[in-house]
Amino acid sequence: MTAKNLTQQESFDIKAKRIRMILSDVDGVLTDGTIAIDHQGNESKRFSTADGYGIRLWFQAGYSFGLITGRRSECVLHRAKDLGINMVRLGTFAKREAVEEIANEQHLSLEQIAYIGDDLPDLPAIEAVGLGVTVPDAPEELKNAADYITKRCGGYGAVRDLINILLTLNNSVFVLK
Ligand SMILES: [Mg+2]
């Protein structure tokens, strides 16, 4: 079968089955994009436990997960530690470059990486990787470029949605041991 004859679903499945690592933006993907700041300037974010459980399942299946975010928030480090994520890039607006660096470090090709982001700084990374993913309320440019638009919004299980699809395609076990 030539690439031309593949249906959209078949070509998605081929791309998705190559994925070994998910790199995720934080604000608007793992959160709903809001940031709470108290009177002392302390920042807090709300994370979905459904995403958290999904990331644990993803690790258990033997895959990698990392975070790339433009902001420098202590709370991201706490959440990452909670979930055993040690690949974390804070204060990184050049997301595509960060994705390429991580791919090199991890000896993976860009085809083996899925990137999920919700806004324009994420677009170059979405275009560069094997599986570009965005959320339902992202700008049109991202939705046009993405291979997959999650059904759930950022902060409400968007990452879990992506992980469920990838694990199902790879016949991975769904129960956390
Ligand atoms: Mg974002």
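Helices (H or I, at least four residues) and strands (E, at least two) are DSSP runs, numbered from the N terminus. The model on display is predicted: local features need pLDDT of at least 70, side-chain atom pairs count only at pLDDT 80 or more, and totals for chains, interfaces and linings use all residues. Residues are numbered from 1 along each chain as its sequence is written, and side-chain values use heavy atoms, with hydrogens and water left out.

**First stop: the magnesium ion**

Select the magnesium ion together with D25, D27 and D118. Its protein donors are D25 (OD), D27 (O) and D118 (OD), at 2.1 to 2.2 Å from the ion. Donors are N, O and S atoms within 2.8 Å of the metal (3.2 Å for Na, K and Ca); water is not among the atoms, so sites may look incomplete. Along the sequence, the spacing of these donor residues is D-x1-D-x90-D. Both D25 and D27 are buried, where buried means under 20% relative accessible area, exposed over 50%, and partly exposed in between (1.4 Å probe, protein chains only).

**Second stop: the largest pocket**

Keep D25, D27 and D118 selected and add T69, G70, R71, F93, K95, D119, P121 and D122; these residues line the largest pocket. A pocket is an open set of points on a 1 Å grid over the protein atoms alone, where a 1.4 Å probe fits, with protein on both sides within 12 Å along at least five of seven lines; lining residues have an atom within 4 Å of a point.

**Third stop: helix α3**

Select residues 74–83, which form helix α3; C75, V76, R79, A80 and L83 are buried there. Viewed down the axis of α3, these buried residues fall within an arc of 140 degrees, so they line one face of the helix. The arc is that of the directions from the helix axis to the C-beta atoms. On the face turned away from the buried side, look for the exposed residues E74, H78 and K81. Just after α3, G84 takes a positive phi of about 75 degrees.

**Fourth stop: two loops**

Select H107, in the loop between α4 (95–105) and β6 (113–116). H107 has a positive phi, near 55 degrees, and is a residue other than glycine. Most residues other than glycine have a negative phi. H107 counts as exposed, at 73% relative accessibility.

Finally, select A146, in the loop between α6 (140–145) and β8 (148–149). A146 is buried, with a relative accessible area of 15%.
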